[in-house]
Amino acid sequence: MMRKKNYFAGPSVLPIEVLEEMRDNIVDYEGNGLSIIEASHRGGMFEEMYDSCLSTFRELLNIPEDYDVYFLGGGATLQFTMIPTNFLVKGKVADYAKTGTWSNKACSDAQKLGDVNVFFDNKAENYTTLPDPKSVKPSDNSAYLYLCANETIGGIEWKDFPDTGDVPLIADMSSDILSRPVDVKKFGMIYGGVQKNLGPAGATFIIMRKDMLERRNPNLTAYMDYALHAKEKGLYNTPPVFSIWGVKLVLEWIKRNGGVEGMDKNADLKSGLIYSVIDSSDFWRSPVDKRYRSRMNIVFRLPSEELEAKFVKEASAEGMLGLKGHRSVGGLRASLYNALPYEDVVALKDFMKEFERKNG
Ligand code: PMP
C-alpha cells in the first residue's frame with residue numbers, strides 16, 4: 001500500500017509502527033484472547049495498559065509527583081467550560097490572552113461563567129503576533145491566567161511562557177504537546193486533545209497540580225469536578241479506551257525515537273525546511289510574526305486564492321493531503337506533527353519549489 005503524505009491538522013498522522021501494532025493486536029490483545037476494546041475498564045488488562053500509558057507520559061514530560069495526570073472525554077473543548085466552572089470563583093477574575101481561534105473559544109465560554117480580563121487581543125492584526133511573556137502580569141485578584149500554547153489554525157506558538165507567580169498558569173497544549181520540553185512546574189494545569197501529537201481522537205489529557213483542587217468552586221456536578229477525576233485517575237466513568245491505547249503506543253514510539261528532545265530537534269529541522277522555502281522569495285508569504293511562528297502548523301499564502309486552490313489540487317494529485325488552510329481563515333497550512341516522517345517534509349519542500357518554478 002502507498003501511504004499518502006498527511007499534513008492534516010488533527011486528527012493527523014500517526015506513526016506507521018503504531019498503526020501496525022494496533023492492527024496486530026486489535027483482535028487478540030497481546031495474547032489475552034480478546035481485544036482491549038472489548039474488555040472492562042475495571043479489569044486488569046485495561047488497568048495495566050493505562051498505568052503504563054500514564055507512567056510513560058510522566059517520564060517523557062518529566063511531570064512532578066505533585067501533579068495528577070489522567071485522560072477525560074469531551075475533547076479539549078469541554079475544558080473550555082470545566083476550567084472556569086472549577087476555578088473562576090466569585091470575586092475573582094480570569095485572565096485570558098486572545099491569540100486566535102482556540103483561545104477565543106475558551107475565553108468566550110469563560111465569559112459566560114464569570115468575570116474575565118482579556119489581557120491581550122490581537123484581533124486587529126488577525127492574530128499574527130503574541131505579547132512578550134515578560135510583559136504579562138496577572139490581575140491582582142486573578143483566579144488563573146489562561147493561554148493557548150499553539151494556535152493550530154493561526155499557526156502561532158508561545159516560545160516562552162509568562163511567570164505568573166502564585167496565580168496558576170493554565171495552557172491548552174493540544175497541538176504542541178511533546179514537541180518540546182516544557183517546565184511543567186510553571187503551570188497549574190496543562191491540557192489538550194490527543195488527536196494531534198499523541199494518538200487517535202477521543203481522549204483529552206489533563207496534567208494538574210494537586211493543590212489546584214483547593215481553589216475549586218463548591219457544589220460542582222460530578223463530571224465537572226476535577227477532584228473526582230483526580231481521585232479516580234480519570235476512571236470515574238468509562239474512558240475512551242481505544243484512544244488511550246493509541247496514546248500509550250505513541251508515547252512508547254516517542255520514547256524509542258529520542259524522547260521529547262528528539263521530537264524538539266526534528267520539529268526544528270522539519271519546520272526549518274518549509275520556512276526556508278517560504279522565506280526564499282516573495283512568491284510565498286507567512287502572515288505570522290517570525291518570532292512566534294509555529295513549528296507544528298505552518299500557515300502560508302500564495303499571491304492569489306486561485307493559485308492556492310491550484311496548489312492544494314496538484315498536491316492532492318501527488319498524494320499530499322491536508323494542505324488547505326482552515327475554512328475560517330483560508331490560505332494554506334501544513335501541519336508537521338511529531339509523527340510526520342522527515343521524508344514527507346522533504347517531499348513537500350520539493351513540491352513547493354517545483355510549484356514556484358512553474359507558477360512564480
Ligand atoms: N485547542 C486547540 C489548540 C485545538 O487545535 C483544538 C482542535 N483542533 C481544540 C482546542 C479543540 O479540541 P477538540 O476538538 O478536541 O475539542
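Good morning, everyone; I will start with the record, where the UniProt annotation "domain: Aminotransferase class V", from an unreviewed entry, covers residues 9-348. What I am showing you is a predicted model, and within it the end C-alpha atoms of residues 9-348 lie 15 Å apart, while the span is 34% helix and 16% strand.

Let me turn next to the ligand. Which residues surround the ligand? They are Gly 10, Gly 75, Ala 76, Thr 77, Trp 102, Cys 148, Thr 152, Asp 172, Ser 174, Ser 175 and Gly 193. If we sort this shell by class, we find three nonpolar, seven polar and one charged residues. Helix H3, which runs over residues 75-87, gives the largest share of the shell, namely three residues.

Since we have just met H3, please follow this helix to its contact with helix H4, residues 101-111, where the two axes come within 8 Å and cross at roughly 40 degrees. An angle of that kind falls outside the ranges for roughly parallel and roughly perpendicular, so H3 is oblique to H4. The crossing of H3 and H4 is right-handed, and on the H3 side the contact is made by Phe 80, Thr 81 and Pro 84, which meet Lys 105, Ala 106, Asp 109 and Ala 110 in H4. By class, this contact of H3 with H4 has four nonpolar, one polar and two charged residues.

In general, two packed helices are described by the angle between their axes and the distance between the axes, and I will keep to that description for the next two pairs, both of which involve helix H6.

The first pair I will take is H1, residues 16-25, with H6, residues 241-256: they pack at an angle of about 135 degrees, with their axes 9 Å apart. That angle makes H1 oblique to H6, and the crossing of H1 and H6 is right-handed. From H1, the residues Glu 17, Val 18, Glu 21 and Met 22 meet Gly 246, Leu 249, Val 250 and Trp 253 in H6, and the residues of this contact divide into five nonpolar, one polar and two charged.

The other pair is helix H2, residues 44-61, with H6, and here the axes come within 9 Å and cross at roughly 45 degrees. H2 and H6 are therefore oblique to each other. Is the crossing of H2 and H6 left-handed or right-handed? H2 passes H6 in a left-handed crossing. The residues of H2 that take part include Phe 46, Met 49 and Tyr 50, and among those they meet in H6 are Val 241, Ile 244 and Trp 245. The residues of the contact of H2 with H6 divide into twelve nonpolar, two polar and three charged.

I would like to finish with two details of the backbone. As background, most residues other than glycine have a negative phi, and most peptide bonds are trans. In this model, however, the peptide bond from Gly 10 to Pro 11 is cis, with omega near -5 degrees, and Pro 11 has its place in the loop between strand S1 (5-6) and H1. Gly 10, you may remember, is also one of the residues that surround the ligand. The second detail is Asn 126, which has a positive phi of about 60 degrees although it is not a glycine; Asn 126 is found in the loop between strand S4 (115-121) and strand S5 (142-148).

Notes:
Residues numbered from 1 in each chain as written. Predicted model: local features only at pLDDT ≥ 70, side-chain atom pairs only at ≥ 80, totals over all residues. Axes fitted to C-alpha atoms, helices over the stretch in contact; angles between N-to-C directions. Helix = DSSP H or I, 4+ residues; strand = E, 2+ residues; numbered from the N terminus. Parallel < 35°, antiparallel > 145°, perpendicular 65-115°, else oblique. Left-handed = near helix turned anticlockwise from the far one by under 90°. Contact = placed C-beta atoms within 7 Å. Nonpolar A, V, L, I, M, F, W, Y, C, P; charged D, E, K, R; others polar. Near = placed C-beta within 6 Å. UniProt positions renumbered as here; feature names shortened; annotations may be inferred.
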